[in-house]
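This briefing walks through selected features of one protein chain, grouped by topic for reading beside the structure. Please keep in mind throughout that the model is predicted.

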Amino acid sequence: MGDVDVAVIGSGQSGLATAHALLRKGLRPVVLEASERTAGSWPRYYDSLTLFSPARYSSLPGMAFPGGDPDRYPHRDEVIAYLTAYAARLDADIRTHSHVTAVHADGPGFVLDLKGGSRLAARAVVAASGTFGRPHRPELPGLEQFTGTVLHAAGYRRPQPFAGQRVIVVGAGNSAVQIAAELAPTAQVTLTSRHPVKFARPRILGRDLHFWLKRTGIDTVPLGRLLRTPPTQLVIDDGRYRDAVAAGAPDRRELFTAIEGGKVTWPDGSTEEADTILLATGYRPDLPYLARLGALDDTGHPLHRDGVSSVHPGLTFAGLEWQRSLASNSLRGVGRDAAWVARHLAVHLSRT
């Protein structure tokens, strides 16, 4: 059981950005990755996924996103390659196949249990394991009685397996709209949600939306501590998705009111058979290893302020949605939060 300065749990964008920030503060992070590679959840996202921010706004600290056109929207595989290259350039101890099962308080520090029986002592911990391992499955009327297939977007890869099916996609965010539009040419698809889809143009006055978010400071305003519920996600759209919905491919309806067997009832009282209900309803923080620390609330969300645990000052977080700002859990913004966390830990460890 070796002692390290900081154990960073997860080697996705949040963990890598945090390791970079900690190194700049003279600390020795050990990055623990449960899987066999250093790209976080990106290899498990659906095949056609593209970023909602251009390449020029999608970099982690210290390494620009590569490629000839900085205004393009990078594909999933480009992000995987970028994160893999970033990890290779990072002078940090990154250990794959290191699945943390529990974190225990040990005096001013912590002891981490790893799958297989090994343990690691650390003076501080950064939980940067993301959300992909905990898909959110909301309570929907009659969903538990549905006799067809219920699938979360976490399990969706490509449209071909759904050819000829009647598919209902639940959600109003970028992934819901993108998946529904991708399925529409091969399946009969309805996009449904409790709230309307809110579209946003990718360019305003000739500039990308993210230029304005950065220029106005909206991207970085620390509003996270004030939000009880994150606002509805905007769907970044150059017009293709709005036009697809207007053309009925997919069509858009208010959320169904009931399910009986394989039959769905809509608010207007009409019913129809459905084959698959696909939940593009987001994710929640995946932090089961912190359960014994008392660092989570009853819903499994961390108790924190700006990414610093309210229970243990040596425990911090990276990559939470609205951890500090609008961009906290994005490639373009996680580096700022990582630097904030690294500064806190540098001060904390200097005092312990």
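The largest cavity holds about 50 Å³ of space, and a search of the whole structure finds one cavity of 30 Å³ or more. The points below begin with this enclosed space in the predicted model, then turn to a pocket, to salt bridges, to a surface patch and to some details of the backbone.

**Enclosed space**

- The lining of the largest cavity includes the run Ala127, Ala128, Ser129, Gly130 and Thr131, together with Pro285, Asp286 and Leu287 and with Ala318, Gly319 and Leu320.
- By class, six of the residues that line the largest cavity are nonpolar, four are polar and one is charged.

**The second largest pocket**

- The second largest pocket has a volume of about 260 Å³, and its lining is made up of 13 residues.
- Among these lining residues, Thr50, Tyr73, Ile236, Arg240 and Tyr241 are the ones that lie nearest the centre of the pocket.
- Three elements, namely α3 (174-183), β13 and α5 (240-246), each contribute at least two residues to the lining of the second largest pocket.
- Sorted by class, the lining of the second largest pocket consists of seven nonpolar, three polar and three charged residues.

**Salt bridges**

- With a cut-off of 4 Å between a side-chain nitrogen of Lys or Arg and a carboxyl oxygen of Asp or Glu, the count comes to 16 salt bridges.
- One of these pairs is Arg28 with Asp5, whose closest N and O atoms are 3.7 Å apart. Arg28 lies in the loop between α1 (13-24) and β2 (29-32), whereas Asp5 belongs to strand β1 (residues 3-9), so the salt bridge ties together parts that are 23 residues apart in sequence.
- The two partners differ in their exposure, because Arg28, at 49% relative accessibility, counts as partly exposed, while Asp5, at 10%, counts as buried.
- Asp5 also meets the side chain of Arg123 in a salt bridge, with an N to O distance of 3.4 Å. This pair links distant parts of the chain, Arg123 being in strand β6 (residues 119-127) and Asp5 in strand β1, 118 residues apart.
- Arg123 has a relative accessible area of 32% and is therefore partly exposed.
- Asp219 and Arg332 form a further salt bridge, in which the closest N and O atoms are 2.8 Å apart. Here too distant parts of the chain are linked, since Asp219 sits in the loop between α4 and β13 and Arg332 in the loop between β21 (315-317) and α6 (334-350), 113 residues apart.
- Asp219 is buried, its relative accessible area being 5%.
- Asp47, Arg76, Asp77 and Arg158 are joined into one network by salt bridges that share partners.

**A nonpolar surface patch**

- Val221, Leu223, Leu226 and Leu227 together make a nonpolar surface patch of about 320 Å².
- Within this patch, Leu227 is located in the loop between α4 (209-216) and β13 (235-236).
- Why can Leu227 be described as partly exposed? Its relative accessible area is 33%, and the partly exposed class covers what lies between buried, under 20%, and exposed, over 50%.

**Backbone details**

- The peptide bond that runs from Ala249 to Pro250 is cis, with omega near 15 degrees, and Pro250 is found in the loop between α5 and β14 (251-254).
- His97 is not a glycine, yet it has a positive phi of about 55 degrees. His97 lies in the loop between β3 (93-95) and β4 (100-106), where it is exposed, with a relative accessible area of 58%.
- Leu205, which is not a glycine either, has a positive phi of about 55 degrees. Leu205 is placed in the loop between β11 (203-204) and β12 (207-208), and at 77% relative accessibility it counts as exposed.

Methods:
Residues are numbered from 1 along each chain as its sequence is written. This is a predicted model: local features need pLDDT of at least 70, side-chain atom pairs count only at pLDDT 80 or more; totals for chains, interfaces and linings use all residues. Side-chain values use heavy atoms; hydrogens and water are left out. Patches are made of residues with over 30% relative accessible area and no salt bridge: like charges are joined within 9 Å, nonpolar side chains (Val, Leu, Ile, Met, Phe, Trp, Tyr) within 5 Å. Accessible areas come from the Shrake-Rupley method with a 1.4 Å probe; for residues, only the protein chains shown count as cover. Helices (H or I, at least four residues) and strands (E, at least two) are DSSP runs, numbered from the N terminus. Buried means under 20% relative accessible area, exposed over 50%, partly exposed in between (1.4 Å probe, protein chains only). On a 1 Å grid over the protein atoms alone, a cavity is a set of points where a 1.4 Å probe fits but cannot get out, and a pocket is an open set with protein on both sides within 12 Å along at least five of seven lines; lining residues have an atom within 4 Å of a point. Grid points are joined across faces, edges and corners, and a volume is the space filled by probe spheres set on the points. Ala, Val, Leu, Ile, Met, Phe, Trp, Tyr, Cys and Pro count as nonpolar, Asp, Glu, Lys and Arg as charged, and the others, Gly among them, as polar.
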